[in-house]
Amino acid sequence: MAVREIITPANAALRQRARKVRSITPEVQTLIDDMIETMRAAPGVGLAAPQIAVGQRVIVIEYADPPEDPEAPAPPARLYALVNPEIVRRSPETVVANEACLSVPGYFGEVERAQTVSVRALDRKGQAVRIKAEGWLARIFQHEIDHLDGVLYTDRATRMWRVEDAQGEQVPPAD
Ligand code: NI
């Protein structure tokens, strides 16, 4: 496994639409392992292959909702490694919240996203999976799947801040 370099908008590969994975080869398994290691090293809550300049439709996510009781221990984070993910349903209800991106360091911004999404994908064994995500997890899925189409949250943000000027705004985890 290896930590790969996370690219920024200075590299045009970030803006290209990624190709569907036709077969989950040993190279794709290595890609997934490297993406997990890169996401954890960043650290971030998600990573899409175009962020390491690989134009394939692969995402990884590792996130746990904070416990409702702040005194309670944090629940274990769930790890998702998904191939060819697609949003097949999004709720009409939306949520506006701050989000940040590992490819756009130093900034965060306010983005409106669907509150709930259903995602269809293959897991790393090639099994079809369907995931219903809500709240922050739904936001992360929308952010990562946007990356596969060359879309950044900055394209959708209605307000942006520099982290150093955050003041009272809470700086969100990046992905
Ligand atoms: Ni991102």
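The accessible surface of the chain comes to about 9300 Å². Carbon and sulfur atoms account for 48% of this surface. The model is a predicted one. Of the 175 residues, 43% count as buried. The side chains include 21 positive and 25 negative ones. The centres of these two sets lie 9 Å apart.

Three helices and eight strands make up the secondary structure. Along the sequence, they follow the pattern α-β-β-β-β-β-β-β-α-α-β. The radius of gyration is 16 Å, close to the 16 Å that the globule rule gives for 175 residues, so the chain is as compact as a globular protein of that length. Taken along the principal axes, the C-alpha atoms fill a box of roughly 45 × 35 × 30 Å. Many contacts span long stretches of sequence: among those between residues at least 6 apart, 69% join residues at least 24 apart.

In soluble globular proteins, nonpolar side chains tend to be buried together. In this model, the largest nonpolar core has 21 residues. Leu-31, Ile-32, Met-35, Leu-47, Val-58 and Val-60 have the most contacts inside it. Helix H1 (26-41), strand E2 (58-63) and strand E3 (78-90) are the elements that give two or more residues to this core. H1 gives the most, with six residues. Beyond its neighbours within four places in sequence, Leu-47 is in contact with ten residues named here in order: Ile-6, Met-35, Thr-38, Met-39, Ile-52, Val-58, Ile-59, Val-60, Leu-102 and Glu-144. Apart from this core lies another, of 20 residues. Its members include Val-45, Ala-48, Ile-59 and Ile-131.

Ile-131, one of the residues of that other core, is found in strand E7 (residues 128-134). Its relative accessibility is 12%, under the 20% limit, so Ile-131 counts as buried. Ile-131 and Val-119 are twelve residues apart in sequence. Their C-alpha atoms are 5.1 Å apart in space. Leaving aside neighbours within four places in sequence, Ile-131 is in contact with Tyr-80, Leu-82, Val-117, Ser-118, Val-119 and Phe-141.

Thr-116 belongs to strand E6 (residues 116-122). Thr-116 is buried as well, with a relative accessible area of 12%. Beyond four places in sequence, the contacts of Thr-116 are with Arg-89, Arg-90, Ser-91, Lys-132, Ala-133, Glu-134 and Ala-138.

Some backbone features stand in the loops. A cis peptide bond joins Ala-42 and Pro-43, with omega at about -10°. Pro-43 sits in the loop between H1 and strand E1 (46-48). Ala-53 is found in the loop between E1 and E2. Ala-53 is not a glycine, yet its phi is positive, at about 65°. With a relative accessible area of 41%, Ala-53 is partly exposed.

The segment after strand E8 (159-162) holds Glu-164. Glu-164 is exposed, with a relative accessible area of 64%. Glu-164 and Tyr-107 are 57 residues apart along the chain, and their C-alpha atoms are separated by 8.4 Å. Gln-167 is also placed in the segment after E8. At 78% relative accessibility, Gln-167 counts as exposed. Its phi is near 55°, a positive value in a residue other than glycine.

Definitions and conventions. Residues are numbered from 1 along each chain as its sequence is written. This is a predicted model: local features need pLDDT of at least 70, side-chain atom pairs count only at pLDDT 80 or more; totals for chains, interfaces and linings use all residues. Side-chain values use heavy atoms; hydrogens and water are left out. A nonpolar core is a set of buried Ala, Val, Leu, Ile, Met, Phe, Trp, Tyr and Cys residues joined through side-chain atoms within 4.5 Å. Buried means under 20% relative accessible area, exposed over 50%, partly exposed in between (1.4 Å probe, protein chains only). Helices (H or I, at least four residues) and strands (E, at least two) are DSSP runs, numbered from the N terminus. Contact means heavy atoms within 4.5 Å. The radius of gyration is taken over C-alpha atoms; the globule rule is 2.2 Å times the number of residues to the power 0.38. Accessible areas come from the Shrake-Rupley method with a 1.4 Å probe; for residues, only the protein chains shown count as cover. Lys and Arg count as positive and Asp and Glu as negative; His and the chain ends are not counted. The place of a charge is taken as NZ of Lys, CZ of Arg, CG of Asp or CD of Glu.
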